[in-house]
Structure formats: structure tokens, C-alpha cells
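Q: Please take a close look at one part of this structure. Describe how the pieces there fit together, and then place a second part beside it for context.

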Amino acid sequence: MYLALLVIFLQCSEICTQKRVFTFNAVHIEVQPSAKVENGAPMSIICHADISKSTDFNLQHNITIFKDGKLVFMSVSGKGDARYEVPMARSSHTGDYQCAVEAGGKIKHSDSLHVWVTGMTKPILIAEKKEVFEGEVVKLRCELPEEVPPLYFVFQKMKVNSTPKQKLQEELYRNFSVVEFPVDEGDDILQFDCFGKRRVRFEFETSLTSNKTLITVKEPFIKPTLHIKPSSNITEGKEIRFECSTVVAKMRDIEIILLRNKTILSSVRDQTTLKYSAVATLEDSGEYLCKVEEGKASKTTTHNVVVTELFPKPILTASMNELDEHKELTLSCSIKDFQNASFSILRKHSSRDILLRNSRNLTMRASVNDTGSYICKAEVNRIVKESKPVTIRVYAPVSMPSISVFSGLPEVVLGRPLNLTCCLMMGTPPITFTFYKGNKNKKKIVTNNTCAAFLDKDIRQNDKGQYKCGAKNHHSSGMKTSKVLNITVIVPIRNTSLGSVPYGVVEDGRETTFLCSVEEGSWPIHFRIFRKMDRDILLFERSEHADRVVWQKKEMSRQDTGTYYCIASNRANVSAKSHPITINVILASWQKGVITAFVLIPIAGVMILAVWWFWCKKKNAKGPSMEMSRSALATNSTSEKLSRQHNDGDYYSGSGYIEDGENHMKSTDENKAPVQKGTETVYSEIRKANNDSVENRHSRIQGRPDAT
């Protein structure tokens, strides 16, 4: 019975579970009346969920509507539809809309729908003042009600028979903008308006134009008048008077300025009239401008003035513009077709002109210090005119130049440039220097110095190095030439090598000769021989006027085994290192003999004892029967030995063996290789000495009758 109830319960649970199954088919979003809505019209955003259910049951729906990703509406109901009502659409409602439906732990989103609210609200324009003065500003405020930034505002200033002036303002965070327009001279009645713009996707939408605002402009002062006396036929030397005046509405920071060709001549403040006078000169011709200013307002009046020349500018002439020192110089001042004038001759100076003589002419003995610019002045009826400057150059002759190497020493390293200088003790610039290298030359002009530099980059090993320089200026003495400078070309060290005799292997205690040489390099050469260690040890150094050096090490020891190299250098300050060589010091022959003796003598002793022991044992085994025969044999052996000893007595002479040994040693010493010879010579001579010693020893052995 319980089992049956359990089965029924499970079947009911399964039926209930099947009844609550659902799934989303789709979620739709739409706009009524359409996706394009006019500004101010009503608009509805509808979200609908299409759901399939296994059976009819209540299902709660959470519906949300988003605009440009931001939540604008949310609804919870048992229906699958929701409506977002907008009673009056504005441009701010333009955007991308999307809805989402959540039910029973499941969620579904609709596609995105773009809604465009066309048109913008009409802007409102407000002016701060209705009346302004020239030079002031008009402050305007334009607002777009119910519009959402970012927005663009365009302000327009209009006046009769003129093109409107516009100002564009962008507002990112507010729906209004404020600008200022200056009121210019001549502005009378001004009209202003504005309109708004906003960006919709990839295009701009423009609002209607705002209300028009009229502004009345008042003048703070009238245009000034300029009076000039005399008004015409103005000649140099006469007095000329100017008067500039205006009428102001209110005396407040009024300023009047008189200018000639943009140069201020005079000015007054808080007055209505300016007066100015001067003695007329030719330079007073030009455009005169009277200008009245108050704040930002200004008005101007112009007038052209022509002044007739009373006499032309004087002309200064010199007997010569370039001359040798101590020669005579004459300066003359004159005016074309005019004689009645007062003349003066001056020398120009940076601080002030120096008067030389109140006269038409000046004659003087020129010196180098007289080099400079000169002018003359002429005066008639208080009018002073100045001539164009005349430049005079007085030259001192050049002294004999001296040529030297910039570094000091008359030498140059092959492959490096040579810097030469040519200098004078005296001479007036500009000076033309000429550098000579054999048959070649190069010129250089110096304008403010008495030295010149020359760089020779083409240095060759076979150059003779003969340099000289010449100098001249505009003095009539001509060119002077220096003494010849001989330059030594230093050839850097190249291809250093190291050799030794014997090479590679040396007996302990023997002498070793090292030869360090270079293939190329200027003398003297500094040679150094090193032994390579953790810190390389300098063994030998010497400077030689030769391309090689020989060093003899008298006795080599086992500690001298190692790697050796040499370094050669000269005045080129470039060191050349040889390839390393390795020398192995081995035991001497007598040392090997001693070692052999110490090793073989004990072995021989052991062998003799073994033979003696074996012989004694064998003797004991044969017994007494052998004693008689052994005794007879011993007697015969003794007599034969004595006879042989008598016949060979001369050969076994100890004194004869020692003398031959001495002769042999002497012959060997005489055939040693000379120390100062090259590596190959040393090798060949030592091989010859070794061969001779072997042949002498062999002939001495053959001369003995018992050599075998």
C-alpha cells in the first residue's frame, strides 16, 4: 500500500514539473507611432516577450528598457508586455533603445532600435543691455529649453548693409551659452539672434532661429579733426604747427595721440585738444594721424604732408679709401649746386661722433688707428644734413710669417692629419695666407686675426714634409714668405713577432735567446718582453734604433715554463703585440743520468744478489766432487787474465780518455751559434755543432783495436 502511494506521489511530482516548463522564443521592441518622431509629439516604447509554456501557469516578468545603455524604464507584471510612455518627445529622447525580459531565472534581450526625435526647441536670446557706447561689449545669453547637451550655439551680429558676424560656442554640460560682441567704431543700430545645433549620428540637426534683439549704440566722442599750418608750400627750415581736437559726451579717460608714419610725436590725456609744432625737415614728410581713444573705442583722422627740400645732402669724398700707413689722406665735403653752408667733418663712433674739423676739407698723415667711417655735416637755416659714411682702411705691412705645428713637435703620424698654423707679428687684416706643400698650395683669407690654420689630411710615408706659408694684405709691400718647415712622418709599428732559440723545448739550466722584431715602424722602437701570468710580468725592455732586439736569459728553470709575448711601440703611441709563444723547460741530460743511476743501480744490485743466491744454491747441490775441477779451471783463468792485461795496458790509459773528452768539449763549445744572429741562423749553427760532435766521437772509437 505504501509502495503504491509512493509511486502515485512521484508521478504527480513529474506531472507538476512538466506543467511549469517555459522558454523564450523572442523579445521584441517597437516605437509608436514610428521610429522617427517629431519634437513635441507623444511617443511609446513597447517591449513584448514571446514565451512558450508547457501549460498555462502564472509567470512573473521583470521588464527593463534601456536608452544608449542607461536604464529609463522598469516594470514587473504577470504579462509579457510593457509600455514606456513619453507624452512629449524631445531631441534628448533620440538614441538606441533595447529591452530585456527576465522570468524564472531566464533572461532574454531584444535587438537594438534607433529612435530619432526630429527638430529642436526654439532658442531664447537675452541681451544684458539695450544701449551701449562704442568700445563697450554686448553680452548675450542663448538657451535651448528642454534640450540635453552636448549642444552647439551660433550667435549672429548684424548691421545694415553688412555681412553678419558669427560666433560658435560648444557646450558640453549645459543647454545655454554666453558670449560677448565688441561694439566697433561706426556701429549704430545692431541686431542679434542665435540658433542651436546638435549631432545626430553622423550629421548635424539645426534648430529654428531665436528671437531678434536690437541694441542701440551711442558715440562717446566724435571723430577728431586735424589742422596743419601752413597747409601747403612747406619748405625745410620753416615752422609747422599741428592741432588735433574732438568733442566728447563724457570726459572719462580720453586720450589724443599724434603720429607720423606710425611714430608717436605727441599725446595728451583728459583733454579735447592736442597742439604740436616743429621746424620742418625733409624727414617730416609723410602721413600724419590724429587718434582719439577711450577704453576700447577709438576714432582717427589722417592727413598727408609734403616738405620741400631746402638743399640736398652733402657728399663726402676721400682721396683714397685704402692706403698704406704714413701716407697722406684728404677728405672733402660738398653740396651740389649749393655753396652757402657751414661744413664739419666727423669720425663715427659707437657712442658719439667725434668732430675732426669745422671745414669743408681735411688733410692728414694716415696711421692704422685712422681706419674707420667718416661723415660730413652741412647746416643752413638751422637745418643740418649728414652725408653717407665713407670707410677708410689704413694698412700696416705684414711681417715675415712663421709656420709651426699646432701640437708643437715638427712631426706627424702616418694616417693622421697634420695641423699647421701660420702667424704674423704685425699686419692689418684682411690678410691672405697661402700654404705651400711642395708644388701644391692653398689660400685662406682671414678678416679679424693675424693667424691662419691649415689641415693636411694627405700624409704619405714618402713625403719630404717641406711646408711653408706666405702672407699679404692690401699694403703695397706685397707677400712675405716663411722659412721651410720640415716635418718628420712617423710610421706606426706593424706586425710584431717573437721567436726563441731553442724554440719550444729547453733543458733546465740552459741559456735561451729571445728575438723580438717588427716588420715596419719608425725608430727608435721601444721593445718589451712579457711572461703571461695572472698579472703579466715584464721581463725585459729596451729602446733600439733598429727593427729588432735580442735578449738572452742565461739559465732557464722549470719555473720558467710558460707563455711569452713582446710589445713594440714608438712615438706614434700605437703599441703592437706579438703572437704568444710557449716554452717548456725539461730536465737536463745529467739530471736524467742521475735519476737513471738512482733507479737502475738498486735494480742491478737486486739482480746480482739473485744470481749469486741461485749460483750458491746450485753449488751446494753438486757437492765436493766438483771442487778439484773448479780449482784447476780457476788457475788457468788467472794466468790468461794476467797475460791479456799486460798486452792492453796502453789503451786503458785514464789520462788519454780525459784529454779526448776535453778536446771533445772544446770542439762543441767552439761550434756554438752566435747570439746576435737571427733565429734561423741560430737553428742552423746549433744543428751543425751537434753533428760535428757526433762524428768526432765515432772516429775516436774506431781508432782503438778493441773497439768492439
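A: The close look goes to the largest nonpolar core, with a small sheet after it. This is a predicted model, where local features need pLDDT of at least 70, side-chain atom pairs count only at pLDDT 80 or more, and totals for chains, interfaces and linings use all residues. Residues are numbered from 1 along each chain as its sequence is written, and side-chain values use heavy atoms, leaving out hydrogens and water.

The largest nonpolar core holds 26 residues. Such a core is a set of buried Ala, Val, Leu, Ile, Met, Phe, Trp, Tyr and Cys residues joined through side-chain atoms within 4.5 Å. Buried means under 20% relative accessible area, with a 1.4 Å probe and protein chains only. Phe24, Met43, Ile45 and Ile65 touch the most other members. At least two core residues come from each of strands 1 (22-32), 3 (43-53), 4 (61-67), 6 (81-86), 7 (95-103) and 9 (113-118). Strands are DSSP runs of E, at least two residues, numbered from the N terminus.

Now take Met43. Setting aside residues up to four places away in sequence, its contacts include Val31, Val37, Tyr84, Val86, Tyr97 and Val115. Contact means heavy atoms within 4.5 Å.

Next, the sheet. Three strands form an open sheet, in the order 10-12-15, with antiparallel pairing. Strands pair if DSSP finds at least two bridges between them. Strand 10 (124-127) and strand 15 (176-182) each have a single partner, so one side of each lacks a neighbour in the sheet. Four bridges join strand 10 to strand 12 (residues 137-143). One pairs leucine 125 with cysteine 142.

Technical notes:
Buried < 20%, exposed > 50% of the residue type's maximum accessible area, 1.4 Å probe, protein only.
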